[in-house]
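Please open the structure in a viewer and keep the sequence panel visible. The tour below proceeds by selection, with a short account of what is found at each stop.

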Amino acid sequence: MSDSLTREEVLHVARLARIKLTEEEIEKYSHQLKTLMDDVDKIKEVKLNSEERVITPTEEVTVCREDVAGEMLDPEEIMINVPNSNGNFVEVPVMIDE
Amino acid sequence: MYTKTIGIEIHVELKTNTKIYSNSINGYGKTANSNVNVVDLGYPGTLPTLNDAVIRTALKAAIILNCDINKRMHFDRKNYFYPDLPKGYQITQAETPIGVNGYVDIDVNGETKRIRIHDIHIEEDTCKSIHYKHHSFLDFNRAGVPLVEIVTEADMHSAEEAMAYVEKLRELFLYADISDCKIEEGSMRCDVNISISKTDELGVRAEIKNIGSISSVGKAINREAARQEELLENGKEVTFATYRYDEKKDETIMMRVKEAGNDYRYFPEPDIPFVELDDEIIKEVTESIPMLASERRKIYVQRGISELNANKIIQNRDISDYLNNFLDTDINLVQASNLLLGDISAYLNKEEKSIFNTKLDTNKFIDVVNKLDKGEINSKVFKDILVDLMEKEDSVDEIISSKGIKIISDPEELKKIVLTILENNQNSVNDYKNGNERAIKFLMGQIMKETKGSANPELVNKLLEEELKK
């Protein structure tokens with residue numbers, strides 16, 4: 001078993017995360033990600049008592065919220081936390097692959 | 001000869017007060033970013049709270065589509081990075097959609113065809129983005145709006161079948177109060193998958209995203225099939241990709257090569273525990289389904305309304321709901337539907353009003369339909385009093401007398417007029433007696449002219465026939 005992910009695998013993950021990596025980073029992450037993957041494989045070995053899929057820490061089922069409106073933010077409040085805005089809109093770099 | 005194979009995915013915005021995972025208002029067309037809270041923006045530390053009305057509405061849709069219901073379901077995260085989704089994932093249903101293995105029956109060229117539904121699942125809408133050359137604008141009012149996505153099997157083989165399916169789904173959801181289904185405003189969005197092949201093996205498919213109207217669904221399918229055929233005939237291959245349809249140019253344009261499904265790294269949403277649908281909620285929701293369009297159409301036709309008019313009524317939900325108030329009364333439904341589709345619709349369209357926002361309450365409507373039916377007023381008088389009927393609280397009788405309209409229903413008075421007209425039109429009387437039955441219409445017209453349209457037409461007809469037979 002290799003001790004690193006392939007260069008293609010790292011670049012693929014980087015593309016999904018929409019981040020650019022330097023050559024140095026590709027090398028570094030190929031090892032780090034492999035360690036992570038191995039840890040996940042270890043978790044898979046854990047023997048479970050139940051066949052049932054566990055998706056949340058609780059065994060309770062969802063209690064739904066009533067369909068009644070609550071408080072909302074002012075557009076001005078929203079714009080404080082965004083890098084760029086234009087009037088009431090949030091402005092982002094052009095989205096090309098729409 | 002190539003065969004087209006078509007599957008359709010439709011996203012429908014659900015008609016609820018609030019969003020799916022937050023309690024901000026689900027409203028379209030408001031000031032940008034005014035119906036938004038911290039959950040919709042994906043702020044750190046926020047958690048989704050599932051809206052009861054979304055579950056009930058989606059369940060209703062699944063029942064109408066004859067699906068098997070997943071009585072224990074969960075949500076899944078679909079991960080991808082895009083500015084319209086600040087959390088970095090969409091909460092959707094991948095493993096346990098609320099409904100599976102359903103069907104819809106459509107009618108094409110007089111034949112009924114069953115389209116199988118693969119699944120219907122619940123998910124959140126993303127924010128709306130408006131693109132300019134150097135930047136894009138985001139409006140989060142749409143972020144978190146509840147959607148259901150309905151996925152068919154690849155059961156359709158022509159543009160006509162695809163259009164009939166979309167129209168049928170729209171009609172079902174509109175009448176079940178699931179969505180307002182406005183394709184132009186984006187509350188119903190169609191993605192069409194199409195491939196062509198000469199053999200039993202399916203060809204490579206193209207996905208055409210977000211087609212803007214039902215007629216465009218048909219045009220886009222025919223255009224894309226022609227494009228694929230040209231490629232194949234020239235020894236080229238179809239690219240597995242996403243396209244959009246440019247209506248003005250009648251062209252399908254490639255947007256992106258499709259990502260593989262596992263790139264979305266789906267996993268169960270840990271912030272929403274399992275949702276259980278017991279028999280009681282399924283029963284409640286089933287019983288809440290109002291009379292659907294096909295049932296209404298059947299009743300209208302049984303009650304003597306033409307198929308054409310029945311369809312026209314169905315196309316206007318308000319008119320259909322209004323007419324349904326009278327199904328258990330003994331008014332003349334044909335007369336009633338003619339009024340609703342004719343002068344009343346013309347008035348409503350002109351004023352851009354719903355019939356429920358007028359003063360024409362059910363008692364008044366019954367009264368005026370009966371008066372027309374018995375010939376106490378004619379269609380000319382109806383036109384004269386229409387605006388007052390719609391805008392004034394007064395009763396029909398009050399409106400008629402306030403207009404100075406007098407209806408002559410006194411047999412003695414009318415008889416005098418009839419005799420005068422007959423005397424002055426001996427030629428027509430002879431024509432009638434010689435077998436020309438149309439002469440009676442001319443005589444009728446003369447009487448109406450003489451009385452300025454105020455004679456009770458039924459009575460005049462009766463008197464005329466009596467006199468002419470003497």
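Begin by colouring chain B of this predicted model by its domains: domain 1 covers residues 3-280, domain 2 covers 293-402 and domain 3 covers 411-469. With domain 1 and domain 2 of chain B selected, a distance between their C-alpha centres comes to 38 Å.

**Strands within domain 1 of chain B**

Select strand 1 of chain B, residues 3-13, together with strand 11 of chain B, residues 188-197. These two strands are antiparallel and are joined by ten bridges. To find the register, display I10(B), whose bridge partner in strand 11 of chain B is C190(B).

Keep strand 11 of chain B and add strand 12 of chain B, residues 206-211; this pairing is also antiparallel, with four bridges. Here N193(B) faces E207(B), a residue of strand 12 of chain B.

**Where the two chains meet**

Next, show chain A alongside chain B. Contacts between them involve 42 residues of chain B and 32 residues of chain A. Which elements of chain B each supply at least two residues of the side that touches chain A? They are helix 1 (52-64), strand 8, strand 9 and strand 16 (275-276) of chain B. Strand 9 of chain B contributes the most to that side, namely five residues. Colouring the side of chain B that touches chain A by residue class gives 18 nonpolar, 18 polar and six charged residues.

**A sheet built from both chains**

Now select strand 9 of chain B, residues 135-139, with strand 8 of chain B; the two run antiparallel and share four bridges. Within this pair, S129(B) lies opposite L138(B) of strand 9 of chain B.

Add strand 2 of chain A, residues 89-93, which pairs with strand 9 of chain B in the antiparallel sense, again over four bridges. Centre the view on L138(B) in strand 9 of chain B: V90(A) stands opposite this residue, as does S129(B).

Finally, include strand 1 of chain A to complete the picture. The result is an open sheet of four strands with antiparallel pairing, in the order 1(A)-2(A)-9(B)-8(B). Why do strand 1 (85-86) of chain A and strand 8 (128-131) of chain B each have one side without a neighbour in the sheet? Both stand at the edges with a single partner strand each, so one side of each is left unaccompanied by another strand of the sheet.

How values were computed: Residues numbered from 1 in each chain as written. Chains lettered and ligands numbered in written order. Predicted model: local features only at pLDDT ≥ 70, side-chain atom pairs only at ≥ 80, totals over all residues. Pairing = 2+ DSSP bridges. Domains from an automatic or database assignment. Contact = placed C-beta atoms within 7 Å. Nonpolar A, V, L, I, M, F, W, Y, C, P; charged D, E, K, R; others polar.
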